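Notebook open, structure loaded. I want to look up some strand pairing and ring contacts today.

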Amino acid sequence: MTDETANSTETQPIGPDATLLLVDDDAPFLRRLARAMEARGFVVDIAESVAEGLAKARRNPPKYAVVDMRLQDGNGLDVIGAIRERRDDTRIIVLTGYGNIATAVTAVKLGAIDYLAKPADADEVFAALTRKPGERAELPENPMSADRVRWEHIQRVYEMCERNVSETARRLNMHRRTLQRILAKRAPR
């Protein structure tokens, strides 16, 4: 993770309310990111679980938040919902090691402004948090492979079927066991 400051022409200033809530169950990553964001001017609060994130979001909703999608005690989407209940101007970024389009769409519908796959470095997080509304992120150097596009489609249908394997297999015209094997594997690159 780098600690260099992002190009100021591409981002907007943090502003007077620089409160940032980081929610992630990867303690070393969480602490590195917290130090890097403090160096960039944020007032950082951390949470290592959904329960802790919910409590902090309800007690003092932040202006900025970076929330991991999957935590040991639940789903980071719950933390996003709690923040949105208390504050509608929070700029929320979702981080995950299990990136797929379906969960990205869900996160955006709940109010996230961006979705970054782990490992994301401090520069990427800072740029996403401070990007001007309507400004587009840079295109990735390496677009998704055909295998990844297929995996994303399967994940989207799986989410649409409310994570019901049998219904997803039926809709994809695929054997249920084959689908279970695909779902058990990590996403292709």
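Is Y64 buried or exposed? I get buried, with a relative accessible area of 2%; buried means under 20%, exposed over 50% and partly exposed in between, with a 1.4 Å probe and protein chains only.

Ground rules, for my own sake: this is a predicted model, where local features need pLDDT of at least 70, side-chain atom pairs count only at pLDDT 80 or more, and totals for chains, interfaces and linings use all residues. Residues are numbered from 1 along each chain as its sequence is written, and side-chain values use heavy atoms, with hydrogens and water left out.

Next, the rings. I count 2 aromatic pairs, taking Phe, Tyr and Trp (its six-membered ring) with centres within 6.5 Å, and calling planes under 30 degrees apart stacked, over 60 edge-to-face and the rest tilted. F42 and Y64 are edge-to-face, because their planes sit at 80 degrees, with centres 5.1 Å apart. F42 is in the loop between α1 and β2 and Y64 is in strand β3 (residues 64–68), so this pair ties together parts 22 residues apart in sequence. For helices and strands I use DSSP runs (H or I, at least four residues; E, at least two), numbered from the N terminus.

F42 also pairs edge-to-face with F126, at 6.1 Å centre to centre and 75 degrees between the planes. F126 belongs to helix α5 (residues 122–130), so that contact bridges 84 residues of sequence. F42 is buried at 4% relative accessible area, and F126 is buried at 6%. I noted F42, Y64 and F126 as a cluster linked by ring pairs.

Last, the strands. β1 (residues 19–23) and β2 (residues 43–47) pair in the parallel sense over 5 bridges; pairing takes at least two DSSP bridges. I found D45 in β2 as the bridge partner of L21.
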